[in-house]
Amino acid sequence: METTLQRVGTRTEAVMDTIRQRIERRSLVPGARIPSVRAMADTTGFSKATVVEAYDRLVAEGVIRSRPGAGYFVAAPLAPLSLSHMGPPLAREVDPLWMLRHSLTAAPDALRPGAGWLPDEWMGVDSIRKGLRQLARGATAATLVGYETAAGSEPLRRLIARRLAEQNVEASPDQILLTDSGTHAIDMALRFLVQPGDAVLVDDPYYFNTLALLRAHRVRIVGVPRTPTGPDMQAFELAVRDHAPRVYVTNSALHNPTGGTLSASTAHRIMKLVDAHDMVVIEDDIFGDFEHEPSARLAAFDGLERVVRVGSFSKSLSMAVRCGHIAARPDWIAGMTDLRISTGLSGNALSAELLLTVLSDGSYRRHMDQVRARLSRSMASLLTRLRSVGLEPWLEPSAGLFAWCRLPNGLDAADVTRQGVAENIIFAPGDVFSVTQTANSYLRFNAALSDDDRIIRFLERVCR
């Protein structure tokens, strides 16, 4: 009897959890009618008595209410929205923001081979100190305490336009809008381009924070498998045909997390489909300065007609100096500038002036020459050491921070990650990057943060 009662209780709780989860994910909102007793019984395979018991308990809790002759309806107010509840549930307690939460809140002495940034000592500390000294002596009062213009510093926008020309992207200063970061730039572009319910294509795998941002915009995220030279074009064409997406979001150079780089032939095929189907591309190029030689850019093929190009110096120079930018056609920049005013008024004049100083005096170019050389050595060493314990790189990155590697012996990356957390090692499990949850055997490694012997010893132990 006890076993039977326990089983019934479990089924009753399962029905209750189903209703609660639908409310949490906004598929049921206050006042919405929930499935009838018969419909829920048919769906779950449980008895009507089990469903009635579950519904009675939810009524007692105030989650739903009963209207005689009409059915059951949602009564509870909605809880604050969590990004982990948006879209399909993600497996094994891993959601798109897992990596950032753990990387930013771990103990100071934690090892972070899965993080997405350079070590502090690799960043442009000396250049920034020099720039701050210059600002302290010569900055105007408006730079130190005033509002920036809506589009941002014109001298900095002119300099960014010249830098874009090095990637064969032609843009005037009026086609550039300064933002607080690369993420802020993508957010502004999405606010301008999409509505809730629109389909948005992304590479699968793709950067987890962008996936979380897309969920916040309530769009339908459609993953397209990534190949070493860009999206799988057969899958891309099918997704365009089946979902009629408004936007495609991608990294062309040094893709996050795989480290791959878009080929010119794939870029050409993408833009043909984008033009034919009235789509827009958001090209996130925040890792472009890590390349030894500029590779293909969709913005260069398109001339910024259907491509919104996003950049930032947070990964290469300073995470504290918050300054990103958007390059796009002039009428779109005008619309996004209005959004910039309505959501944040203006940018940070002090950050813009500091960035302009560092970019203008040649120190940034010297700094990045050193970073690229240092990363090349670290990446070669990392791949050798990972192979020695059984991990296999998905490709040999031409440059950049990231190596995307498969675990041996059918190991689950989420399980390995949980074991790592217990030993103060923060990995980046593959499924936080995957819309379709098909990357559970992969880990993303940061070559600049993976040279500690404790990481390799841990991996050797778990892989055995």
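This text walks through four backbone features of a model, taking the cis peptide bonds before the positive phi values. The model is predicted, with local features requiring a pLDDT of at least 70 and side-chain atom pairs counting only at pLDDT 80 or more, while totals for chains, interfaces and linings use all residues. Residues are numbered from 1 along each chain as its sequence is written, and side-chain values use heavy atoms, with hydrogens and water left out.

Most peptide bonds are trans, and most residues other than glycine have a negative phi. Against that background, the bond from Asp-204 to Pro-205 is cis, its omega being near 10 degrees, and Pro-205 sits in the loop that runs between β4 (199-204) and α9 (208-216). Helices here are DSSP runs of H or I with at least four residues, and strands are runs of E with at least two, numbered from the N terminus. The peptide bond from Asn-256 to Pro-257 is also cis, with omega near 25 degrees, and Pro-257 belongs to the loop between β7 (247-250) and α11 (264-276).

The loop between α9 and β5 (220-227) holds Arg-218, whose phi is near 60 degrees, a positive value in a residue other than glycine. Arg-218 is partly exposed at a relative accessible area of 33%, where buried means under 20%, exposed means over 50% and partly exposed lies in between, for a 1.4 Å probe and protein chains only. In the loop between α11 and β8 (280-284) lies Asp-278, a residue other than glycine with a positive phi near 55 degrees, and Asp-278 counts as partly exposed at 48% relative accessibility.
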